[in-house]
Amino acid sequence: MTIFGHRGAPGYPRHGENTIASFNKALQAGAGGLEFDVRRCGDGRIVVIHDDTIDRTTNGKGRVADLSYDQLKVFDAGFGEPVPLLSDVLDRFGARCLLNIELKDAGIAPDVKKLVLERRLAEHVIVSAFEWAELPGLAPEIPIALLTSRLENLLIAARELGAAAIHPRKDIVTPSLIAAAREAQFRIHVWTVNEPAEMSRFRQLGVDGLFTDFPERCLTDV
Ligand code: G3P
Ligand code: CA
């Protein structure tokens, strides 16, 4: 079972999420994968941040789309680190583990694809999105995953889009969904699983991976 550090290993309440330090902490805790979110900033570059503003996760204020990277990088995203560029995260971690890149903005898939392919990292990456319409164009070169909190149309759409995986929210995961995913040869990675008892339960159910804010809690169990 692949343990993905969800935004790294920020704990909860989260501090220092989606930063290089948080990703290093997740890998040191034994995670085999890193999950993170990407958006386009004001100068067109792709940055690693969950929200569409920097207000919650840095000591600055403003919309990501309105700030150039030079403006963005002066703010503290946790423990003195800036919001990273996707290119930096790929360069530092791409060869070391599996990376789940979640698209948070519309229209950025071609830029993400280019950054991944020029580094020959396709085998180390899964690109996911809640907005499934953002994903065509990535596959088959880059594995894609349908991210969702609803079961409707999930397996049909995954088949149509050539998905490698489905990423359901934990409360919609049932043994029958796992069996259907297995039958269709989709990997199934579940989010966001923070309690040791539920980590054990999903492992016993046979999911392929889970996302957690606490990868260190999975160590004894995988
Ligand atoms: O990929 C699973 C999870 O990260 C999706 O929700 O809001 O944490 O990006 P969120
Ligand atoms: Ca995410």
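How far does a polar side-chain atom of Glu102 lie from an oxygen atom of ligand 1? The separation is 3.0 Å, and keep in mind as you look that this is a predicted model. Let's start at the ligand and then step back to the whole protein.

Glu102 has company in offering polar atoms to the ligand's oxygens. In Arg7, a polar side-chain atom sits 2.8 Å from an oxygen atom of ligand 1. For Lys104, an N or O atom of the side chain is likewise 2.8 Å from a ligand oxygen. The protein buries 90% of the 290 Å² that ligand 1 exposes when taken alone.

If you would like to pick out the surroundings on screen, the residues around ligand 1 are His6, Arg7, Glu35, Asp37, His50, Glu102, Lys104, Phe130, Leu147 and Trp191. By character, this shell splits into five charged residues, three nonpolar ones and two polar ones.

Now zoom out to the fold. The protein contains nine strands and seven helices. Its C-alpha atoms fill a box of roughly 50 × 35 × 30 Å along the principal axes. The protein's radius of gyration is 17 Å, which agrees with a compact globule, because a globule of 222 residues would have a value near 17 Å.

The inside and outside complete the picture. Of the 222 residues, 54% are buried. Taking contacts between residues at least 6 apart in sequence, 52% join residues at least 24 apart. On the outside, the accessible surface comes to about 9,900 Å², and carbon and sulfur atoms account for 50% of that area.

Key:
Residues numbered from 1 in each chain as written. Chains lettered and ligands numbered in written order. Predicted model: local features only at pLDDT ≥ 70, side-chain atom pairs only at ≥ 80, totals over all residues. Heavy atoms only, no water. Near = heavy atom within 4 Å. Polar contact = N/O pair within 3.5 Å; in protein donor to acceptor, adjacent residues only side chain to side chain. Areas by Shrake-Rupley, 256 points an atom, 1.4 Å probe, with all protein chains shown as cover. Nonpolar A, V, L, I, M, F, W, Y, C, P; charged D, E, K, R; others polar. Helix = DSSP H or I, 4+ residues; strand = E, 2+ residues; numbered from the N terminus. Rg over C-alpha atoms; globule rule 2.2 N^0.38 Å. Buried < 20%, exposed > 50% of the residue type's maximum accessible area, 1.4 Å probe, protein only. Contact = heavy atoms within 4.5 Å.
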